[in-house]
Every structure is written in C-alpha cells, then in structure tokens.
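Please open the structure in a viewer and keep a selection panel at hand. The tour below proceeds stop by stop, with a selection to make at each.

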Amino acid sequence: MTFSLPPEAQDVVKTFTIKDGIYAIGVRERGVTLYNQQVRAHNLVWALSELDRAGTRKLGRIAVIGAGAAGLTATAALLSCTTEESSVMLFEKEWDLCPVQQGCDGRWLHPSLYAWPDWGSRAPSASLPVLNWSEGRASDVARTLLSGFANYRQIFGKQRFTAFVGVHHLQIKAERKQIDFIGTNVVMKDAYFSQGDSEGGTETFDTIIFAAGFGWERTNKFKTPSYWRNEQLAQPNLSVDRSRYLVSGYGDGALIDVCRLTIERFRQDTILYELFGSDLEKTEDALRQSLSGLASDTNLLDFFGQIEETLLRAPKASLRNRLRKDSAVTLHIAGQDEKKPKDFRDIFGPTSSRLNRLLIYLLFRCGAISISRRPLADAISGARVMPDHVLCRHGCDTESHLELIFDDYANVKSEFTNMKKMQAQHPKRSWAPGYFPTC
Ligand SMILES: Cc1cc2nc3c(=O)[nH]c(=O)nc-3n(C[C@H](O)[C@H](O)[C@H](O)COP(=O)(O)OP(=O)(O)OC[C@H]3O[C@@H](n4cnc5c(N)ncnc54)[C@H](O)[C@@H]3O)c2cc1C
C-alpha cells in the first residue's frame, strides 16, 4: 500500500530541523507554554510519521531527549502512530519523568490563557489527542500527563520503548546522530517505575528529537528558586512587619510574582472573574475588537491608557480594594544588560501575556508597585530589600544549555539561531482530527 505525502508535512518538519534526522521542539521559540510545546510535539510527530509512511524518511531508532511535557507527548504520540519498525529511547536528566512541574502546588497552569482575550482562551481543556489535560495546579497537570503517558506506554510501547533517568551525562554528536550517555535504565510499572541497571554507552539513532527544554533559569547571585518550586510568596506574611521584595525582570514569571506579592488572595484561576465580574464576556468582546486593529507585537501601554476610564474602570476599583498590606514590591526592569537601561514602557511590549500586562498596568495605576531602572545592586539597596527577598526572573540560559549538550555545537548553532529568528514552529494544529489514537 502506498501513502501520498501531504505537502505541508515537509514544511512542518523543516521548522523543527537542526540537521537531517535531528529535530528540536520549541527551544528557540518565544511565548513558550506547556500547551504550545505539546502542540509542537504533535505537529512534529504527525509530519515525521507522514514522511515515514510515504517512505520519504524512515523514523527507525528514535531518541527523545527530555521527559518534560514536550518529550513525553512526542514519545506517546510516536508510539501510538508508528509501526513495530520504530522504537523510542527516552533520556531524562532527573530521576523522574515530568520533573519540572511535579509537586508544584502553588503555580497554576491553563492551556490557552496566554492568548487571552482571544476566543476560547478561557476554555479549561487542552483538547489534545495525546496527553490531554485541563487547567489546574501544575502538580495536578503533571499527574495527568504522567498517567496519560503510562496508558500510551502500556498500550503501544511494549517491546519498543526504553527509558533512562538520572542521565547526568549526555552529549549529542549531530554529524553522526550519536548520543553518549550515562544513566539508569527504568523498569516501568503502570505510572511508576523501578530502577534498573546504571549504564554508560554510545548509541546511534536514525532520528533524534531534542525536547530538553530551555536550560537553567538565570538567577544572578541571589539563587532565586525556580519558578516551579514551591514557595510562600502568595501567602500572608505571618509577622507584624511589612516585607519588602524586589522582582527583577518583566517576562511572565516576573509579572506573576509581582501579582502574587501585591494582590490580596491572588489566584491565577479566579482573578479575571473577580475583577471583571459579570462584565467579563462583554469586556472581552470589546477588547477583541479593539485589539484586532493592532499588530500582535504592539506595546499596550497607550492602549491601556485609552480604555482606562471605560473598560478598566471597574476592575481598577476592584483591584484597589484588595492590595496587600503586608508587602512592598519593587519591579526592577533594568534586566541582564544593565548598560542598556530599560524604559518603563518596555514592560508593556510583547514579552509577556496580555493578561499579565493588563494586571501590571492596573497595579501601576493603583500605585501598588515601585519601579526601578537602576543597576540591580543599587535597586536592592535603594529599596532596602534583604537578599532572600530578591527574585530574579531573567529567563533561561538556553545558549549554554545547548553548548553543553551538543558536542559539535559550532556545526548546529546557525540552525538554532535561525529558529530564533524565524519563530516558525507555530503552535497551530497541523494534523487532522482523529489522526492520533487516544487512550
Ligand atoms: C519563569 C517561567 C515561568 C513559566 N510560566 C509558565 C506558565 O505559566 N504556563 C506555561 O504553560 N508555561 C510556563 N513556562 C514554560 C514552561 O516551563 C514550559 O512551557 C514547559 O515546561 C515546557 O515543557 P518542555 O517539555 O518543553 O520543557 P521542560 O519542562 O523544561 O522539560 C525538559 C526536560 O528535559 C530534561 N533535560 C534537560 N537537559 C537534559 C539533558 N541534558 N539530558 C536529558 N534530559 C534533559 C529536563 O530535566 C526536563 O525534564 C514558564 C517558564 C519559566 C522559565
């Protein structure tokens, strides 16, 4: 039986290609969310499977590097839609699968709120065929992904799936599609596994899928815990004193932390409903209409100013009523490169979700935050903040991450740079409904 190749499949594969047979999921894309990474994983697997079926490029022995949401989704999808001729070996640096969000009870994940106020952006379900989940605490989402993954592995993965955890050494030789590694083999049982033998080796693959995330979060010298580690920022301070905090950065991680520190009883899952009340849908309609006339990368500061006395009047009043009394927060926006001081306006550029920018605008108009554009050390001493109350949210050091993993990074660097420039891995679904078996 011959299969015809959908023309888009080759184009989709191109957007993920580092070298023939080596693909990377989302590493250099902006606006990365867990859901978007899963959509990308579906798109890549769909396109590669189509190439495999048409005989254009056989998947063969596949390595998936990283068992986060992207790596688990890619692995489950591969197992479900390829034949016995393919096998998957999964490598995870930590000692468990989906280690980043696991056990994280204080952060909330939503599949599509990043796109708010777009149509359907409040829909609670990811509605994905493989490893579906609904909004919830990050720990609950991780649990759902892991139990979904166990189902796929049990139904489709027998005999052709192996995994290594605790992979503390892994290097890809892109030219040869080879991986050197030292790790511990796992023996899977339902959603859990027991430890097998530790081993080191060099394996050659036909296909390598890089899903090892974005690298370490840059924390400066303050050792800010990772965004996904449990902490107590959103809880009232159980001492009579007011605490001073400094949050450095203005991406989503920083802006959410500012909200947690300045808004009383702040919850990401309820804030929209609480601020807009019964006007929410009407307001969303109006916002959609106004925003449709603006480019997606428009700085929203002026726009918020224009709607402040109409659409934002009630939420601003509501927010003013619930500012935390036990904290004082400085938002430090000078960023990494202190030689290029940032402007206050930059907070409202396309570096974070529209909802987070809106919340920060309202906090600014309520006088709930201070802004500092000074070098970090000066900002900290000026605001009289203790070192353990400094939160650096400066993004991830992806370049060093890639350099460590790719043995011959110089040979693949330009592909990663091109990916960053092109932003071509659109998280729009390329596969047709029903393509992936669900379980
Ligand atoms: C500050 C911050 C805030 C964020 N907020 C949100 C949010 O609110 N909502 C949202 O959807 N997303 C958010 N994200 C993004 C979110 O973290 C990612 O969308 C999600 O984790 C992507 O999944 P992934 O599988 O691509 O990468 P990861 O979750 O990073 O998984 C990569 C996996 O690869 C493993 N790995 C790394 N190196 C190696 C190696 N050498 N060998 C083997 N394995 C390796 C890691 O241990 C990890 O398990 C945020 C990110 C940051 C930094």
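A residue is called buried if 20 or more other C-beta atoms lie within 10 Å of its own, exposed if 12 or fewer do, and partly exposed in between, with C-beta atoms placed from the backbone. Phenylalanine 304 meets the first criterion, because 20 other C-beta atoms lie within 10 Å.

The model is a predicted one, in which local features need pLDDT of at least 70 and side-chain atom pairs count only at pLDDT 80 or more, whereas totals for chains, interfaces and linings use all residues. Residues are numbered from 1 along each chain as its sequence is written.

**The whole protein**

Begin with the full chain in cartoon representation. The secondary structure comprises 13 helices and 14 strands; helices (H or I, at least four residues) and strands (E, at least two) are DSSP runs, numbered from the N terminus. The radius of gyration is 23 Å, close to the 22 Å that the globule rule gives for 439 residues, so the protein is as compact as a globular protein of that length. Here the radius is taken over C-alpha atoms, and the rule is 2.2 Å times the number of residues to the power 0.38. Along the principal axes, the C-alpha atoms fill a box of roughly 65 × 45 × 40 Å. Of the 439 residues, 41% count as buried.

**The eight-strand sheet**

Next, select the strands of the open sheet with the order E1-E2-E10-E3-E4-E7-E8-E9, in which the pairing is mixed. Strand E1 (17-19) and strand E9 (192-204) are its edge strands, each pairing on one side only. The twist averages 30° from one strand to the next, where axes are lines fitted to C-alpha atoms, for helices over the stretch in contact, and angles run from 0 to 180 degrees between N-to-C directions. Two strands pair if DSSP finds at least two bridges between them.

Start at E1, which pairs with strand E2 (residues 22-24) in the antiparallel sense over two bridges. Lysine 19 has isoleucine 22 in E2 as its bridge partner.

Then move to strand E3 (residues 61-65). Four of its five residues are buried, so E3 is largely enclosed by the rest of the structure. Five bridges join E3 to E4 in a parallel arrangement, and arginine 61 stands opposite serine 87 in E4.

Which strand is joined to strand E4 (residues 87-91) by four bridges? Strand E7 (residues 161-173) is, and the two run parallel. Show valine 88 here, which stands opposite phenylalanine 161 in E7.

Continue from E7 to strand E8 (residues 178-189): seven bridges join them, and they run antiparallel. Valine 165 has threonine 184 in E8 as its bridge partner. The hairpin of E7 and E8 has four residues between the strands, and in this hairpin lysine 177 takes a positive phi near 50°.

**The ligand**

Now centre the view on the ligand. Its shell holds 32 residues, of which the closest are Thr33, Gly66, Gly68, Gly213 and Gly253; a residue belongs to the shell if its C-beta atom, placed from the backbone, lies within 6 Å of the molecule. Helix H2 (34-53), helix H3 (69-81), E7 and helix H5 (252-262) are the elements that give two or more residues to this shell. By character, the shell residues divide into 18 nonpolar, eight polar and six charged. In this division Ala, Val, Leu, Ile, Met, Phe, Trp, Tyr, Cys and Pro count as nonpolar, Asp, Glu, Lys and Arg as charged, and the others, Gly among them, as polar.

Colour the two domains separately, with bounds that come from an automatic or database domain assignment. Why does the ligand lie between domain 1 (7-216 + 397-422) and domain 2 (220-392)? Both domains give residues to the shell around the ligand, so the ligand lies between them.

**The four-strand sheet**

Select the open sheet with the order E13-E12-E11-E14, whose pairing is parallel. Strand E13 (369-372) and strand E14 (390-392) stand at the edges with a single partner strand each, so one side of each is left without a neighbour in the sheet. Neighbouring strands are turned by 20° against each other on average, direction ignored. Strand E12 (residues 327-332) is joined to E13 by four bridges, and leucine 331 stands opposite isoleucine 371 in E13.

**Two final residues**

Return to phenylalanine 304, which lies in helix H8 (residues 301-307). Its C-alpha atom is 30 Å from that of glutamate 217, and the two residues are 87 apart in sequence.

Finish at methionine 422 in helix H13 (residues 409-422). Methionine 422 is exposed, with 12 other C-beta atoms within 10 Å.
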